[in-house]
Each structure stands twice: as structure tokens, then as C-alpha cells.
Amino acid sequence: MGKLIVSLSPHAHSNDSVEKNMYGVIIALVPALLASFYFFGLGSAIVCATSVAACVLFEWAIQKFIMGQEPRITDGSAILTGLLLGFNLPSNLPIWIIIIGALVAIGVGKMSFGGLGCNPFNPALVGRCFLLVSFPVQMTTWPVAGQYGAYLDAETGATPLSLIKRIAKGDTAAADQLPDAMNLLLGDPSNGLGAGTIGEVCALALIIGLCYMLWKKIITWHIPVSIIGTVAVFSGLMWLIDSAHYVNPVYELLTGGLLLGAIFMATDYVTSPMSSKGQIIYGVCIGILTVCIRNWGAYPEGMSFAILIMNAFTPLINTYVKPKRYGEVVKK
């Protein structure tokens, strides 16, 4: 007869599971994935498929042959890591570089710390930043959207984010090349500019994903709203002070990977703070770091680095902002 094991109270019951949440985020990524297929065609399909397949394969192999565990690739976490990694790559990136990124994301960013739930840094961003440092030319060559059948031979161009960087350095001519806000919201394949990474081409698709995750209560509003609000306020003040060198905050919000990072990367359960107050502190710091790196750092985009930096501070935030224990008497 089996033993009946009863844990101490309080008892909390929930229908949540790892699989439910992981596949919920994947569903929320579908609008952005479809938008990437529309704007990049074959290139997006090759990059995303390669990234997902490589991440799943590496996680299965590491669990089975190195860690001696029963592979658990059906929980959706490896698929999600592969999708997010693919969303952070150009649509013309060679397959062998994508595979290296997947190996670093899964092998270094996730499994070397013990697997799902143990990694201190977002695995997809670990892979992305490794590739950015190791292959800077390939990782900063941006195909122009609208070349549906092109892959390695796609025509490339400057991105809106690189134009913003040039404006911050005093290149006033770059301001005339910026597309309008509606083009950035919907994506525009006819402006002759490089569209950036696969996942950042259509801001509206990312916002739809955010609404879905909030509706399904997969995430809360604290992290995405605090990041977006901080970037809007910080960049808005800079624009009001010196509009010749800093752009309207709408451009800061709709360009680059800000929405992708704020909605899908910074909200990772494992690498973000547990309490609502801690999540707001975390989000505000990410927003400030992102604007600082974008305008005064070496790279046009600062979202990935900002999230990884704050991932490292998450344990400290959790220690500083502790939720009240059940039954604890608050001293007045």
C-alpha cells in the first residue's frame, strides 16, 4: 500500500504547468512568426526551423548522454528557446552559425546549470549575445524585408535602430531616412531599410502576443509595462532636452528588439524576480540600461545586454524585496 504524504499548509492548487505555460508563450509568438514569414519568406522559415530543431536536438542529447536523464523535450521549453533565439537573428544567417548559437543557448545557457528552472540567464539571449560577439559581421547584416524567396543572397540595408544611433552621434541626415511610426508598427517591406531581426519586424504582432499572454495570465503586466514606460519617459526627456540628437520616444519603443525583449524575454519565469515590486524594479533598470546602451554604448541595440545584466541581479532583487510570509505579523 502506498504512503500518503501530506505537506504542511497552506495548500495551493493551480491548473498551471510547465507545458501549459511554455506552449502558451509559443502560441503568443505565432502572430510575430507569421509576420516574419510574410516579410522575410524563405529566410525566416530556414532560420526559425533550424534554430528550433537544433535546440530540441541538443537538449535531448545532453539530457540523455551527458546528464543520464530521461529526455523531457516535450515540455516545450527547448522549442520556445529555439523560437526566441531565431527571432533574435537576421533572416540571412548561415545555418552553421545558427547551430552554434543553439548549442551555446542550450548547452551553456541552460543545461550547464542543471536544466529547466536552474538557469540564471535567459538561454536564448546567451546564444544571441555569444553569436553577436563571435560573428559581428554576420549578426549585423540586415536583409531588406519583402525579398520572400531570398536567403543568403538577400539585399541588405541599414535598420531604423542604426539610423537612430547615427542621429545620436550628430548625423542629422539620418533623421530624414527614418520611416514613420505606422510603418514601424505594421512593418513595411518597401522602405529600402534593413528590417532588423526576424522577431522585431512587426510591433503590432508582438503587442497581440502580449495581450494574449495577459488574457491567459501567463505573465503579469509588471515587467513589460515597467520596461516600456521607463524607456518612454527616459527617452522622452532626452528628446525634449535635445531633439537634434535624440528621437521621439515612439521610435525608441517601436524599433529594435525592445518590444520582443520586454514581452517575451525579460518575463522569463526563471530569470526574473518573483514579487511584483521586484519585477517593477527589474523592468525599470532594464529600460534605463537599454536607453543608455542604445544612445551612448558601442552597439545600436541594448535590450539583450540589459536583460542579461538584470538577470544577474535577480537573486539580489529577490533578497531585497521579499514577499510577506504566510501568517507573518507585520510590525507597526
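**Exercise 1. Aromatic rings**

Task: State how many aromatic pairs the structure holds, and find which residues form one aromatic cluster with F234.

Solution. The structure, a predicted model, holds 7 aromatic pairs. Next, look around F234: together with Y246 and W296, F234 forms one aromatic cluster.

**Exercise 2. Lysines over rings**

Task: Find which ring lies under K64 and which ring lies under the charged end of K216.

Solution. Step one: K64 lies over the face of F65, and the distance to the ring centre is 5.9 Å. Step two: the charged end of K216 sits over the ring of W215, 4.5 Å from the centre of that ring. Step three: compare each distance with the cut-off, which is within 6 Å of the ring centre. The 5.9 Å of K64 and the 4.5 Å of K216 both meet this limit.

**Exercise 3. The fold as a whole**

Task: Describe the chain by its helices and strands, its buried share and its contacts.

Solution. Begin with the elements: there are 14 helices and 0 strands. Read along the sequence, the pattern is therefore α repeated from start to end. Then take burial: 51% of the 332 residues count as buried. For contacts, consider those between residues at least 6 apart in sequence; 74% of them join residues at least 24 apart. Finally, the accessible surface of the chain is about 15900 Å², and carbon and sulfur atoms account for 67% of it.

**Exercise 4. The span of a helix**

Task: Check whether the end-to-end distance of α2 agrees or disagrees with its expected span.

Solution. Helix α2 covers residues 42-66, which is 25 residues. The expected span is 1.5 Å times one less than the number of residues, so α2 should span 36 Å. The end C-alpha atoms of α2 are 35 Å apart, which agrees. After α2 comes G68, with a positive phi near 65°.

**Exercise 5. Two charged residues compared**

Task: Decide whether K217 and E252 are buried or exposed, and say where K217 and E252 are found.

Solution. K217 is in the loop between α9 (203-215) and α10 (222-241). Its relative accessibility is 71%, so K217 counts as exposed. Most residues other than glycine have a negative phi. K217 is not a glycine, yet its phi is positive, about 60°.

E252 belongs to helix α11 (residues 249-254). Because its relative accessibility is 2%, E252 counts as buried. Leaving out residues up to four places away in sequence, E252 touches I164, V231, S235, V247, L258, R294 and N295.

Methods
Residues numbered from 1 in each chain as written. Predicted model: local features only at pLDDT ≥ 70, side-chain atom pairs only at ≥ 80, totals over all residues. Heavy atoms only, no water. Helix = DSSP H or I, 4+ residues; strand = E, 2+ residues; numbered from the N terminus. Buried < 20%, exposed > 50% of the residue type's maximum accessible area, 1.4 Å probe, protein only. Contact = heavy atoms within 4.5 Å. Phe/Tyr/Trp six-rings, centres within 6.5 Å; stacked < 30°, edge-to-face > 60°. Lys NZ or Arg CZ within 6 Å of the ring centre and 35° of its normal. Areas by Shrake-Rupley, 256 points an atom, 1.4 Å probe, with all protein chains shown as cover.
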